[in-house]
Amino acid sequence: PAPAPAEAAKEAAVAVQVTSAAEEEERKKAEAAARRREAAEAFIRDLPVVDGMQLVPAGTFLYGREAREIFLDTFYIDEAPITNAEYMRFVRETGYRPPRYAEDPKLNHPEQPVTGVSMSDAQMFAKWAGKELPTEQQWEKAARGTDGRPFPWGNDPPGSSDACFGLDPLEGAPVRVGQSRRNVSPFGVKDTCGNVWEWTKSRFTKDGEYRVLRGGSYNDPPEFLTTYCRLEAHPKDKCEAIGFRCVKNVHH
């Protein structure tokens with residue numbers, strides 16, 4: 001049987017109240033999100049420009065092969081990998097040991113990314129520069145942007161003018177940094193795709209000794225150049241295909 005008019009009116013009133021409460025809750029959530037967004041934008045506006053680095057604002061992004069959403073705080077990251085010239089300045093000023101390939105003409109051009117440095121070498125440079133090594137999450141967000149793209153520029157795989165990859169391991173070598181106009185992330189970070197793998201401070205497994213490398217190198221196939229590809233290396237490795245870049249963390 002149909003409900004009596006009074007009962008129907010009561011049910012309708014309750015339904016309106018429930019709808020109004022839900023709408024009010026959504027309105028409050030939207031206003032809170034807007035306030036957070038405005039505060040974050042104001043915080044970003046007040047941050048200084050750091051020479052040679054790009055700012056990656058706080059927020060969520062799609063991470064990993066499975067593209068799950070995670071949140072990171074604001075940080076700066078080097079626009080390009082550390083070059084031989086930058087690393088040798090550190091060596092001259094501190095008396096620290098040179099990189100393994102400092103005398104190799106195939107690998108020691110001042111504008112090539114420095115290679116032949118262990119993780120501790122990279123950390124010593126970073127400390128000298130007032131920076132640190134990135135986590136793999138920071139590296140990936142800086143390279144990938146927020147939308148889960150597999151390459152810094154989007155979805156299509158790299159061509160020979162986009163990145164340095166696929167070269168003979170014995171004959172090939174990294175190119176000078178900043179050669180490709182397309183190999184730039186949404187945050188303005190260059191050369192995250194190919195050329196040299198880059199150290200991160202993240203462990204490859206939770207309790208393991210090996211650390212995560214990101215980015216692919218000049219002697220890798222294109223599938224190793226995706227923004228989510230992970231490779232492991234022992235912290236003491238000094239390889240001709242491994243370099244690094246640094247970050248500066250920013251705390252609200």
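**Reading salt bridges and a buried asparagine**

Q: How many salt bridges does this predicted model hold?

A: With the distance rule applied to this predicted model, the count comes to 17 salt bridges. Let's walk through some of them.

Q: Which residue forms a salt bridge with Glu132, and how far apart are the closest N and O atoms?

A: A good habit is to look up the partner, then the distance. Here the partner of Glu132 is Lys201, and the closest N and O atoms are 2.5 Å apart. This pair links distant parts of the chain, 69 residues apart: Glu132 sits in the loop between helix 3 (119–128) and helix 4, while Lys201 belongs to strand 5.

Q: Are Glu132 and Lys201 buried, partly exposed or exposed?

A: Relative accessible area is the value to check. Glu132 has 29% and is partly exposed; Lys201, at 33%, also counts as partly exposed.

Q: Where do Asp162 and Arg182 lie?

A: Start with the pairing itself: Asp162 and Arg182 form a salt bridge, with 3.1 Å between the closest N and O atoms. Both Asp162 and Arg182 lie in the loop between helix 4 and strand 5, so their pairing ties together parts that are 20 residues apart in sequence. Asp162 counts as buried at 8% relative accessibility, whereas Arg182 is partly exposed at 32%.

Q: Which elements hold Glu198 and Arg245?

A: Place each residue in its element. Glu198 is in strand 5, and Arg245 is in the loop between strand 8 (242–243) and strand 9 (247–249), 47 residues apart. They form a salt bridge whose closest N and O atoms are 2.7 Å apart, and both residues are buried.

Q: Which residues are joined into one network by salt bridges that share partners?

A: Here it helps to follow the shared partners and not just single pairs. Glu136, Glu140, Arg144, Arg214 and Arg230 are joined this way into one network.

Q: Is Asn183 buried or exposed?

A: Again, check the relative accessible area: Asn183 has 2%, under the 20% cut-off, so Asn183 is buried. Asn183 is found in the loop between helix 4 (136–144) and strand 5 (197–203).

Q: What lies 3.4 Å from a polar atom of the Asn183 side chain?

A: For a buried polar side chain, a sensible next step is to look for polar atoms around it. In this case the backbone oxygen of Asp162 lies 3.4 Å from a polar atom of the Asn183 side chain. Leaving out residues up to four places away in sequence, Asn183 also touches others, including Pro152, Trp153, Val189 and Cys193.

Technical notes:
Residues numbered from 1 in each chain as written. Predicted model: local features only at pLDDT ≥ 70, side-chain atom pairs only at ≥ 80, totals over all residues. Heavy atoms only, no water. Helix = DSSP H or I, 4+ residues; strand = E, 2+ residues; numbered from the N terminus. Buried < 20%, exposed > 50% of the residue type's maximum accessible area, 1.4 Å probe, protein only. Polar contact = N/O pair within 3.5 Å; in protein donor to acceptor, adjacent residues only side chain to side chain. Contact = heavy atoms within 4.5 Å. Salt bridge = Lys/Arg side-chain N within 4 Å of Asp/Glu carboxyl O.
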